[in-house]
Amino acid sequence: MSKLVFDRHAHTLTLFDRQGNQPGKSWLAGNNVDSGHRLPGQVGLPAGVYVFKFDAHQRHGKKKGDTSSGSFGPMGIFALEDFSYQGTTHSGVGIHSGRKNKADGLKRSGPEHATHLCVRTTDEAMSMIHLTSMQDPLETLTVQDGATTLQSRTFIVPRILKTQA
């Protein structure tokens with residue numbers, strides 16, 4: 001299974017396939033969280049490992065927002081499993097592009113444009129992630145703050161699977 005690594009300090013997102021190879025380069029990425037969506041004591045997603053949903057590539061349909069300047073970019077969003085932080089469950093967080101030519105309140109656009117806790121990257125990155133995930137599904141996103149990575153912190157809310165009688 002493929003993996004993504006987001007380095008907040010370097011502002012990069014790197015894709016690794018199941019053999020540990022990089023199918024592309026590292027792309028520009030940001031996790032500038034809108035002030036109304038910040039986690040207490042955090043600037044963005046806390047350092048740790050997050051698990052992608054089994055059906056991770058969730059496009060937002062063929063709606064107006066699916067453009068380079070839309071909310072999620074032309075490739076939609078790769079969604080993470082819901083996770084809990086300080087007793088609150090967060091859902092709808094993931095990796096996407098968008099806002100290429102639309103500035104936020106601080107005049108940032110593209111990968112630096114504010115999100116609701118998601119990691120925003122480039123359309124080029126999302127295309128490579130999509131192509132790779134077709135053969136090698138995404139498993140995890142590791143968030144690191146420069147040299148600080150808390151690999152032992154995995155943020156997921158366990159999925160309860162229904163069993164057939």
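Contact here means heavy atoms within 4.5 Å. Keep that cut-off in mind, because the tour leans on contact lists. The model is predicted.

**Stop 1: the whole chain**

Colour by secondary structure. The protein has one helix and 11 strands. From the N terminus, the order is β-β-β-β-β-β-β-β-β-α-β-β. Of the 165 residues, 44% are buried. Now consider contacts between residues at least 6 apart in sequence: 65% of them join residues at least 24 apart.

**Stop 2: the helix**

Select residues 123–135. This is α1, with 13 residues. From first C-alpha to last, α1 reaches 19 Å, close to the 18 Å expected at 1.5 Å a residue. Which residues of α1 are buried? Show Ala125, Met126, Ile129, His130, Thr132 and Ser133. An α-helix has 3.6 residues a turn, so residues three or four places apart point the same way.

Stay on Ile129. Leave aside its neighbours within four places in sequence, and Ile129 is in contact with Leu4, Leu13, Leu15, Phe78 and Leu138.

**Stop 3: the core**

Ile129 leads into the largest nonpolar core, which has 27 residues. Select Leu4, Leu13, Leu45, Phe52, Ile95, Ile129 and Leu141; these touch the most other members. Which elements each supply at least two residues of this core? They are β1 (2–7), β2 (12–16), β3 (27–30), β4 (48–58), β5 (77–80), β6 (83–85), α1 and β10 (138–144). In soluble globular proteins, nonpolar side chains tend to be buried together.

**Stop 4: strand β3 and its partners**

Show the backbone of β2 and β3. These strands run antiparallel and are joined by two bridges. Find Leu13, one of the core residues just listed; Leu13 stands opposite Trp27 in β3.

Now add β9. Two bridges join β3 to β9, and this pair also runs antiparallel. Here Gly30 stands opposite Arg120 in β9.

**Stop 5: Leu45**

Move on to the loop between β3 and β4, and select Leu45. Is Leu45 buried or exposed? At 0% relative accessibility, Leu45 is buried. Expand the selection to its contacts beyond four places in sequence. You get Arg8, Asn31, Tyr50, Phe83, Val93, Leu117, Val119, Leu141 and Val143. Leu141 is, like Leu45, among the core members that touch the most others.

**Stop 6: Arg8**

From Leu45, step to Arg8. The two residues are 37 apart along the chain, and their C-alpha atoms are separated by 9.3 Å. Arg8 sits in the loop between β1 and β2. Why does Arg8 count as buried? Its relative accessibility is 14%, and the limit for buried is under 20%.

Show the polar contacts of the Arg8 side chain. One goes to the side chain of Asn31, at 2.8 Å. The Arg8 side chain also reaches the backbone oxygen of Leu45, at 2.2 Å. Widen the view to everything Arg8 touches, not counting residues up to four places away in sequence. The list is Asn31, Val43, Gly44, Leu45, Pro46, Ala47, Val143, Gln144 and Asp145.

**Stop 7: the aromatic pair**

Return to Leu45 and pick two of its contacts, Tyr50 and Phe83. How many aromatic pairs does a search of the whole structure find? The search finds one. In this pair, the ring centres of Tyr50 and Phe83 are 5.1 Å apart and the planes meet at 75 degrees, so the pair is edge-to-face. Tyr50 lies in strand β4 and Phe83 in strand β6, so the pair ties together parts that are 33 residues apart in sequence. Tyr50 is buried, at 0% relative accessible area. Phe83 is buried too, with a relative accessible area of 0%.

**Stop 8: two positive phi angles**

Finish in the loop between β8 (94–96) and β9 (119–121), where Arg99 is found. Arg99 is not a glycine, yet its phi is positive, near 60 degrees. Arg99 is buried, with a relative accessible area of 16%.

Now select Lys107, in the loop between β8 and β9. Lys107 has a positive phi of about 70 degrees, although it is not a glycine. Is Lys107 buried or exposed? Lys107 is exposed, with a relative accessible area of 71%.

Notes
Residues numbered from 1 in each chain as written. Predicted model: local features only at pLDDT ≥ 70, side-chain atom pairs only at ≥ 80, totals over all residues. Heavy atoms only, no water. Helix = DSSP H or I, 4+ residues; strand = E, 2+ residues; numbered from the N terminus. Expected span 1.5 Å × (residues − 1). Buried < 20%, exposed > 50% of the residue type's maximum accessible area, 1.4 Å probe, protein only. Core = buried A, V, L, I, M, F, W, Y, C linked by side-chain atoms within 4.5 Å. Pairing = 2+ DSSP bridges. Polar contact = N/O pair within 3.5 Å; in protein donor to acceptor, adjacent residues only side chain to side chain. Phe/Tyr/Trp six-rings, centres within 6.5 Å; stacked < 30°, edge-to-face > 60°.
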